[in-house]
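Here is a protein chain to explore together. Take a moment to turn the model around, then read on as we walk through its parts.

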Amino acid sequence: MKTDKKQNQYRVNEQIRVREVRIVGESGSSVMPTRQALDMARQQGVDLVEISPNANPPVCRLVDYSKFLYQQKKRAKEMKAKQVKIEVKEIRFGPQTDEHDYQFKLKHAKEFLEEGNKVRAYVFFRGRSILFKEQGEVLLLRFANDLEEWGKVESMPSLEGKKMFLYLAPKKAGVVKKSQQARDREAEAQEAKEAARQSRPNVGEVDVDTPANGGLFANAKISADALKKLTEETDA
């Protein structure tokens, strides 16, 4: 049978055998004998839970233990969901990489850093190409300089066997990529919004003097005629 590690992490009620404890709550904190704290917990129908055993005296809370464990698990789950998963992406070069290949790999490195991932770029020296290690170092330094806006150098180029490594970390937090469906929905919503805006009448082009348009002057003219007719009928 599996045991709940979180449940065994805290001492509760009679398991707390120190002489005194500090009780913390919404109203503040106070130090009291452990026996008194246990009596308070019983009176309130809750548990005495030790949340900081290494403090002097240990810190406890008066709380329902089951509810306390549930809140701890929920908080841990929320924190885990907020964490950005960082991966290390590799970019490989040869000591004599051509410009087109360099730009292609530079583009991918930018995307990796924008997503919040680290980049490990390296130059692989095969056979006698190790004689061009200075050329490989220059390549990696150029690579770091071109990515200065997106990443920061964690370690300068260093030779390890037949490979020379450069490590870059993202400067900004990762941005989660949207799916193609999500981007399509946003584009459709934007198009619909623009179409609705264009279909609205342009107030500046409305002929306010024309009754058919419901203009203010037309309404005022109609009201004046009606008032004049009513006055004539009254005088008659």
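## A tour of the chain

Of the 236 residues in the chain, 24% are buried, where buried means under 20% relative accessible area, exposed means over 50%, and partly exposed lies in between (1.4 Å probe, protein chains only). This is a predicted model, in which local features need pLDDT of at least 70 and side-chain atom pairs count only at pLDDT 80 or more, while totals for chains, interfaces and linings use all residues. Residues are numbered from 1 along each chain as its sequence is written, and side-chain values use heavy atoms, with hydrogens and water left out.

The chain has 6 helices and 8 strands; these are DSSP runs numbered from the N terminus, with helices (H or I) of at least four residues and strands (E) of at least two. Read from the N terminus, the elements follow the order β-β-α-β-β-α-β-α-β-α-β-β-α-α.

Let us begin with the sheet that holds strand 1. This open sheet has 4 strands in the order 2-1-4-3, with mixed pairing; two strands count as paired if DSSP finds at least two bridges between them. Strand 2 (28-33) and strand 3 (47-52) are its edge strands, each pairing on one side only. On average, neighbouring strands here are turned by 40° against each other, direction ignored. Axes are lines fitted to C-alpha atoms, for helices over the stretch in contact, and angles run from 0 to 180 degrees between N-to-C directions. Helix 1 (residues 34-44) lies across strand 1, strand 2, strand 3 and strand 4, at about 120° to strand 2.

Now for the other sheet with strand 5 in it. It is an open sheet of 4 strands in the order 5-6-8-7, again with mixed pairing. Its edges are strand 5 (88-93) and strand 7 (151-160), each of which pairs on one side only. Neighbouring strands of this sheet are turned by 20° on average, direction ignored. Helix 3 (residues 99-114) packs on the sheet and touches strand 5, strand 6, strand 7 and strand 8, with its direction at about 170° to that of strand 5. Helix 4 also packs on the sheet, touching strand 5, strand 6, strand 7 and strand 8, and its direction makes about 10° with that of strand 8. Contact here means heavy atoms within 4.5 Å.

Some strand pairs are gathered here:

| Strand pair | Sense | Bridges | A residue pair |
|---|---|---|---|
| Strand 1 and strand 4 | parallel | 2 bridges | Ile-23 and Cys-60 |
| Strand 6 and strand 8 | antiparallel | 6 bridges | Arg-120 and Tyr-167 |
| Strand 7 and strand 8 | antiparallel | 7 bridges | Leu-159 and Met-164 |

How many of the residues of strand 8 are buried? The count is 6 of its 8 residues, so it fits the cut-off of under 20% relative accessible area for most of its length. In the hairpin of strand 7 and strand 8, 2 residues sit between the strands, and Gly-161 takes a positive phi near 70°.

Finally, look at the surface. Ile-130, Leu-131, Phe-132 and Leu-159 form a nonpolar patch with about 340 Å² of accessible area together. Phe-132 lies in the loop between strand 6 (118-124) and helix 4 (133-146). Its relative accessible area is 37%, so Phe-132 is partly exposed. Patches are made of residues with over 30% relative accessible area and no salt bridge (a side-chain nitrogen of Lys or Arg within 4 Å of a carboxyl oxygen of Asp or Glu); like charges are joined within 9 Å and nonpolar side chains (Val, Leu, Ile, Met, Phe, Trp, Tyr) within 5 Å. Accessible areas come from the Shrake-Rupley method with a 1.4 Å probe, and for residues only the protein chains shown count as cover.
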